[in-house]
Amino acid sequence: LSRGLGYVYKRQMEYLRPVQVGDPVEAIAEEIHRGNRTALYRVEVRRGEERVALFTGWVYRFPAPQSD
């Protein structure tokens with residue numbers, strides 16, 4: 001689901017456990033906050049039930065282009 005264009009202007013990535021090439025992982029994203037121009041996202045990366053990484057990032061959201 002696309003909500004328009006934006007860019008990450010502040011981010012943090014925590015690597016909690018090592019993974020190997022070929023390990024099946026799943027990323028679960030959640031929008032924590034959405035304002036008029038910015039949004040905060042949290043993404044957990046899991047290998048089964050084990051959390052292996054955590055990303056948080058603030059995004060500046062560009063206004064949607066006006067259609068004629």
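A residue is counted as buried when its relative accessible area is under 20%. In the predicted model described here, E44 has a relative accessibility of 11% and therefore falls in the buried class. This residue belongs to strand 3, and its surroundings are described below after the sheet that contains that strand.

The strands are arranged as an open sheet of four, in the order 1-4-3-2, with antiparallel pairing. The edges are occupied by strand 1 (6-15) and strand 2 (26-34); each has a single partner strand, so one side of each is left without a neighbour in the sheet. From one strand to the next, the twist averages 20 degrees. Strands of a sheet pair through backbone hydrogen bonds, in either a parallel or an antiparallel sense. Between strand 2 and strand 3 (residues 38-47), the antiparallel pairing extends over eight bridges. These two strands form a hairpin, with three residues between them. Within this pairing, R34 stands opposite A39 of strand 3, while I28 has E44 of strand 3 as its bridge partner.

The environment of E44 combines contacts with polar interactions. Leaving aside residues up to four places away in sequence, E44 touches E26, A27, I28, R51, A53 and L54. Its side chain makes a polar contact of 2.9 Å with the side chain of R42, and another, of 3.3 Å, with the side chain of R51. E44 and R51 also form a salt bridge, in which the closest N and O atoms are 3.3 Å apart. The two partners fall in separate accessibility classes: E44 is buried, at 11%, whereas R51 is partly exposed, with a relative accessible area of 35%.

In total, the structure holds six salt bridges. One of them joins the side chains of E50 and R17, at 3.3 Å from N to O. Because E50 lies in strand 4 and R17 in the loop between strand 1 and strand 2, this pair ties together parts that are 33 residues apart in sequence. The side chain of E50 also meets that of R47 in a salt bridge, with an N to O distance of 2.7 Å. R17, D23, R47 and E50 are linked in a network of salt bridges. Among the members of this network, E50 is partly exposed, with a relative accessible area of 30%; R17 is likewise partly exposed, at 48% relative accessibility, as is R47, at 22%.

Aromatic side chains provide a further set of interactions. A pair of aromatic rings is described by the distance of the centres and the angle of the planes. The model contains three aromatic pairs. The pair formed by Y7 and Y60 is tilted, with 5.8 Å from centre to centre and 40 degrees between the planes. This pair links distant parts of the chain, Y7 being in strand 1 and Y60 in strand 4 (residues 50-61), 53 residues apart. For Y60 and F62, the ring centres are 5.4 Å apart and the planes stand at 85 degrees, so the pair is edge-to-face; planes over 60 degrees apart are assigned to that class. Y7, Y60 and F62 form one aromatic cluster. Its members are partly exposed, with relative accessibilities of 44% for Y7, 25% for Y60 and 42% for F62.

Technical notes:
Residues are numbered from 1 along each chain as its sequence is written. This is a predicted model: local features need pLDDT of at least 70, side-chain atom pairs count only at pLDDT 80 or more; totals for chains, interfaces and linings use all residues. Side-chain values use heavy atoms; hydrogens and water are left out. Two strands pair if DSSP finds at least two bridges between them. Axes are lines fitted to C-alpha atoms, for helices over the stretch in contact, and angles run from 0 to 180 degrees between N-to-C directions. Buried means under 20% relative accessible area, exposed over 50%, partly exposed in between (1.4 Å probe, protein chains only). A polar contact is a pair of N or O atoms within 3.5 Å; within protein, one must be able to donate a hydrogen and the other to accept it, and residues adjacent in sequence count only if both atoms are side-chain atoms. Contact means heavy atoms within 4.5 Å. Rings of Phe, Tyr and Trp (its six-membered ring) pair if their centres lie within 6.5 Å; planes under 30 degrees apart count as stacked, over 60 as edge-to-face and the rest as tilted. A salt bridge is a side-chain nitrogen of Lys or Arg within 4 Å of a carboxyl oxygen of Asp or Glu.
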